[in-house]
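Colleague: I should be grateful for a close look at one part of this structure. Please take the helical packing of the second chain, and proceed from there to the neighbouring residues and the contact between the chains.

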Amino acid sequence: MKALLLAVLLLPLCAYFGVIAFAPRILALPCGAVPLSLPLALGLIWLGFLVTILYVRHANRREGGQS
Amino acid sequence: MNIAQIAMITLVLLTLGITAWAARRTQSAAQFYTADHQVRGWQNGLALAGDYLSAAAFLGAAGLVVSQGYDSLVYAVGTLAGWPLLLLLLAEKLRELGRYTVADVLAHRFPQSSVRMMSAASSLLIVLFYLIVQMVGAGKLIELMFGVPYLLAVLSVGALMMLYVALGGMLATTWVQIVKCCLMLACGLTLALGVLARSGFSLTWLIAHAVALHPEGAGVLLPSKALSNPLEVISLGIGLSFGLLGLPHVLMRFFTVPDTRAARASACWATGIIALFFTLNAVIGAGAIVFVSKNPVYLNAHGKLLGGGNMAALHLAHFIGGSTLQGIVAAVVFATILAVVAGLTMAGASTLSHDLYANILRRGQGQDGAELKVSRWATLGLALGAILLSTLFQQQNIAVLMGLAFALAASGPFPVLLLALFWPGLTARGAVAAGAVGMASATLLIIAGPAVWVAVLGHAHPLFPLSNPALFSVSLAFFTAWAVSRITARQESHS
């Protein structure tokens, strides 16, 4: 589970910095009324929080099962 | 007396009250360093967020949105990513293995004093650079906000941080950070709601007006030219994400909770609060572009923001709620500085008294009471040192020191800690070499880079092209750990 969550966090993050570094024009693509850059950045910020919640729930359940 | 001064005095009295309460509960070394491991998960989460969100995160981020637009969000994404990484990679292990300092975690595997010395040196350097940045920023900010002379401002911050830490230890530091975090969140929410209310609760309207008013136009929603070098972007991402995982004042907060469950909860709380704060900052920054950046009330004769870009959030507070809200926000910024400075001093004092005095000088044979006394003297020494250095660095470009502190944290303690916890092949000499090479290379590359070589030393071209060296210094630290461990593995297994 930990490896999966690391992948869920790091793959989009690497892709995001990769896009800024090598293909920043992608960020200008429209996403509704705003460019893709805004929902992408805010989505990644909250993805970090989602990953922590999923890990805490999983780890607490695992520990509860063991005790 | 104006609102800002009343609010500031109220906050100082509140935090001194907390210190007096905590001082009665701080009699042993465990109570001083870790609040006796009795801090709850949610409390530690708030304190972690309070420790991490400095005045730069509040005032600086809004100012960065005004000046460089979208770059502020790129920084936020990179920085926030460090928190889930901290939870997944380090938080539980820190709680399981740590006693008082990060060096204790390493000592579980490498009892050699050389490893503890390396860890203590890196912690002290990072704390010192970070402390200078905070103190200089505090002095200038308080001078600007309250009209107090720089030296007096720095002396007051130094005296208060010494009182919090020396008397109340980790318990006082924790509660000062909790109070500050709640106040900062309340301010952020008030400002963001104020911006949305003035925008008719329409984000589309807000964004359209930010684009219309910003000099970059639609470019305000895209990375700026500062992020046009691909290597710079990747290096920045690595530095921002991994820097957090080597900051001693953040890592040592995981020793204050009773168990790994609470350690996880605290990382989760901190991540949520910081994510919320970064989101609010985006709204506040956009509001500052729309309502402040072109408002003649807040501009000087040259059309620049009064007091510089860092004052954007304070001007916005004035626009939304008049001088009352501006005064309250200014006081909260002051509390923010105090809390961050107290956390840093706590980390520095622990390193001096526990790592250097108790474990290296006394070889672990010292008494609890003596160690506690040394930690209080260490706090006094750190406070005096920070005041002196912040006076010397008053006219320097302190942003370089902040970058250096983060680069050092990512390049020194982080690779050593990660490898010590997860790679059985690491040797003691490999750990020491990795820490030393990581920190030395980060320092040298920053000096040779554009931030120091060109901007400070005045040369035409930098020797090293990137402002952020993390891509190279972190890689070099990992490579050194691998290479030296391979070379010394046989010798250390025999001894």
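Modeller: The account below begins with one helix of chain B and moves outward from there. The model is a predicted one.

Helix α9 of chain B comprises residues 203–213, and its buried residues are B:Leu206, B:Ile207, B:Ala210 and B:Val211. These residues lie on the same side of α9(B), because they cover an arc of only 130 degrees around the axis. An α-helix has 3.6 residues a turn, so residues three or four places apart point the same way. The buried residues of α9(B) pack against three elements: β2 of chain A, and α8 (150–198) and α12 (260–291) of chain B.

The loop between α8 and α9 of chain B holds B:Phe201. Its phi is positive, at about 55 degrees, although B:Phe201 is not a glycine. B:Phe201 counts as exposed, because it has 11 C-beta neighbours inside 10 Å, and the limit for that class is 12 or fewer. A positive phi near 55 degrees also occurs at B:Ala35, again a residue other than glycine. B:Ala35 is placed in the loop between α2 (29–34) and α3 (41–52) of chain B. This residue is buried, with 27 other C-beta atoms within 10 Å.

Since β2 of chain A is one of the partners of α9(B), the contact between the chains belongs to the picture. In this contact, 33 residues of chain A meet 31 residues of chain B. On the side of chain A that touches chain B, α1 (2–22), β2 (34–35) and α2 (37–66) each supply at least two residues. The most come from α2(A), which gives 17 residues. By class, this side of chain A has 27 nonpolar, four polar and two charged residues.

Another partner of α9(B), helix α12(B), is also met by helix α4 of chain B, residues 55–68; the axes of α4(B) and α12(B) come within 8 Å and cross at roughly 50 degrees. That angle makes α4(B) oblique to α12(B). The crossing of these two helices is right-handed. From α4(B), the residues in contact are B:Ala61, B:Ala62, B:Val65 and B:Val66; from α12(B), they are B:Asn281, B:Ile284, B:Gly285, B:Ala286, B:Ala288 and B:Ile289. Eight of the residues in the contact of α4(B) with α12(B) are nonpolar and two are polar, with no charged residues.

Two further residues of chain B show contacts between parts far apart in sequence. B:Leu89 is located in helix α5 of chain B, residues 71–97. Its 19 C-beta neighbours inside 10 Å make B:Leu89 partly exposed, because a buried residue needs 20 or more. Apart from neighbours within four places in sequence, B:Leu89 is in contact with B:Leu245 and B:Leu418. In sequence, B:Leu89 and B:Leu418 are 329 residues apart, yet their C-alpha atoms are 7.7 Å apart in space.

B:Ser235 belongs to helix α10 of chain B, residues 230–243. This serine counts as buried, with 24 C-beta neighbours inside 10 Å. Residues up to four places away in sequence set aside, B:Ser235 touches B:Leu466, B:Asn468, B:Pro469, B:Ala470 and B:Leu471. By contrast, B:Ser235 and B:Ala197 are 38 residues apart in sequence and 39 Å apart in space, C-alpha to C-alpha.

Terms used:
Residues numbered from 1 in each chain as written. Chains lettered and ligands numbered in written order. Predicted model: local features only at pLDDT ≥ 70, side-chain atom pairs only at ≥ 80, totals over all residues. Contact = placed C-beta atoms within 7 Å. Helix = DSSP H or I, 4+ residues; strand = E, 2+ residues; numbered from the N terminus. Nonpolar A, V, L, I, M, F, W, Y, C, P; charged D, E, K, R; others polar. Arc of directions from axis to C-beta. Axes fitted to C-alpha atoms, helices over the stretch in contact; angles between N-to-C directions. Parallel < 35°, antiparallel > 145°, perpendicular 65-115°, else oblique. Left-handed = near helix turned anticlockwise from the far one by under 90°.
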